[in-house]
Amino acid sequence: MDIDVTAILSLVLGLIIIMYFLFQPKNPNSPPFIRGWIPWFGAAFQFGKAPLKFIEQARIKYGPVFTVYLLGNRFTFVTETEDVLEFLRSKEADLDEAVQQALQHTVSISKESFHQNRSMFFKLMIQQLSSSNLHQFSETLCKEFHEHVEHLGKEGTEDLNDLVRHIMCPAVMKTLFGKNFCPTTGEFERHFQNFDEGLEVGSQIPEFFLRNWGKSKTWLLNVFERIATDIKKDKSSESGSKTLIQHLLDNLHGNEASGYLLLLFWASQVNAILGAFWTLAFILSNPSVYKNIMEDIVSVYGKAGEARIEVFEDNLKKLPSIKLCILEALRLVAPGSIIRKAMKPLKVQNFVIPPGDLLMASPYWLHRNTKYFPEPETFKPSRWEEATLKKNAFLDGYLVFGGGKHQCPGRWFVLMETHMLIIILLYKYQFTLLDPMPKQSLLQLSRVCQPDGPCRVQYKLRE
Ligand code: HEM
């Protein structure tokens, strides 16, 4: 008997697709469900083209709560600020359960190591990066910024994003990891860029399908493994104060240090560099804001000169206008999503979200809620004047650093480093934008937006 294998396979596949559509359990209390038409992939192809755009279009079409089926997981998006604030406070919406597998895929931290070290890692970050502890970083950071800014020379032209990255990355690395442990060579940069670009897909799909990305990840993990070994051997810290990474290595259980170092390197660099880039770009593209800031800088430091200026806590307090610009720029370019996992049925509006769903909120879109931020698309640093910044509180509805008890522990550090770098750069150089202000790219969810085009600047020493 002749068997037509192709026909049988087509029949089976057809049946699977029909069953997939017909026998999905439907619950009248469930949010609208966007499942796409390909089993397991779901709506991944439409979503992947421009995830942030997809979220906004789905909100307009389906309402404030909707579920999207992607790569075998249910992602439920919650788009009203009040609902998001509530789930961020809820004990039934868990961060650890939401990210454990993604961390295993992206930085090879096993489930066992994650559960063993999770609480220590977070407590250590909160404690070491708290606002009262920042003074321990400021001297090194200021010195490192000056050293790297000096590489710019008297004048030049460069893409602003690259300019910021080439200063911030080594300076922060030397501050957090230690002076002798800064691997930022050209090869490192290439692998890190490749790793970073594929991170979102790499967190969901087996590494087997992402050969190039996997190679860069392995390369980086090997570098961080060597760094961890060198730091452990280094005796110089015994006499002086320890770096953040030395504290981490002293407290880590097991042999997976490289994953934690790669994770921390990513967390401390990617958003911070983009945030500083956008803040400078917004300042330079708003002449009146730029002019006022320069007047403030001159009133504190006097006219431009060769000497390295000191930029410590007291100086930062004298230049609050720059901090308002940082917070406002971050509002406009905030990360595309934050994530939790529903551990029990969760009521949001009139819907019940089933346990196991990944709960998603988008700081990027929430920061465009006119109730909290009138004229949301306008860069308006003055809206921050009314915020109680002195008490370390942000405006209501501001979620650039996430929310609830798992807010970003690096938030005070990043505000300080960005503030410091901007003062040093603007004190030393006069900048002119050569390209129109780029728009925010809507392609990535897990970090601050990238620019959608070049943003070259011309700079020369101020007279
Ligand atoms: C503009 C810069 C930054 C932005 C926008 C940002 C944003 C975020 C967000 C949204 C989260 C997740 C919070 C949540 O789920 O509620 C997070 C987590 C985290 N961030 Fe940041 N971050 C920035 C800079 C930094 C820096 C400079 C560091 C370290 C020095 C850092 C370290 C971390 C760590 C370790 C976590 C994970 C915390 C955990 O264990 O749960 N971040 N960040």
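User: A crossing of two helices is right-handed if the near helix is turned clockwise from the far one by less than a right angle, and left-handed if it is turned anticlockwise. In this predicted model, is the crossing in which α17 passes α19 left-handed or right-handed?

Analyst: The helices concerned are α17 (residues 320-332) and α19 (residues 411-428), whose axes come within 10 Å. The sense in which α17 passes α19 is right-handed.

User: Which orientation class does α17 have relative to α19?

Analyst: The two axes cross at roughly 120°. Angles of 65 to 115 degrees count as roughly perpendicular and those over 145 as roughly antiparallel, with the rest being oblique. The crossing angle therefore makes the orientation of α17 to α19 oblique.

User: How many residues of the contact of α17 with α19 are charged?

Analyst: From α17, the contact draws on Ile322, Lys323 and Ile326, while α19 supplies Leu415, Thr418, His419, Ile422 and Ile423. Five of these residues are nonpolar and two are polar. The number that are charged is one.

User: Which element gives the most residues to the shell around the ligand?

Analyst: The ligand has 25 residues around it, and those that come nearest are Asn271, Gly275, Gly402, Cys408 and Gly410. Two or more residues of the shell come from each of α6 (111-128), α14 (257-284) and α19. With five residues, the element that gives the most is α14.

User: How many nonpolar residues does the shell around the ligand hold?

Analyst: The shell contains no charged residues, and eight of its members are polar. The nonpolar residues number 17.

User: Which strands stand at the edges of the sheet with the order β1-β2-β3-β9-β6-β4?

Analyst: This open sheet has six strands and mixed pairing. Within it, β6 (residues 338-342) and β9 (residues 358-361) pair in the antiparallel sense over four bridges, and Ile338 stands opposite Ala361. A strand with a single partner has one side left without a neighbour in the sheet, so the edges are β1 (33-34) and β4 (93-94).

User: At what angle to β6 does helix α5 run?

Analyst: Helix α5 (residues 95-107) lies across three strands, β4, β6 and β9. Its angle to β6 is about 110°.

User: Which residue of β11 is the bridge partner of Glu155?

Analyst: An open antiparallel sheet of three strands has the order β5-β11-β10, with β5 (155-159) and β10 (429-433) at its edges. Five bridges join β5 to the antiparallel strand β11 (residues 456-461). The partner of Glu155 in β11 is Lys460.

Note on methods: Residues numbered from 1 in each chain as written. Predicted model: local features only at pLDDT ≥ 70, side-chain atom pairs only at ≥ 80, totals over all residues. Axes fitted to C-alpha atoms, helices over the stretch in contact; angles between N-to-C directions. Parallel < 35°, antiparallel > 145°, perpendicular 65-115°, else oblique. Contact = placed C-beta atoms within 7 Å. Nonpolar A, V, L, I, M, F, W, Y, C, P; charged D, E, K, R; others polar. Near = placed C-beta within 6 Å. Pairing = 2+ DSSP bridges.
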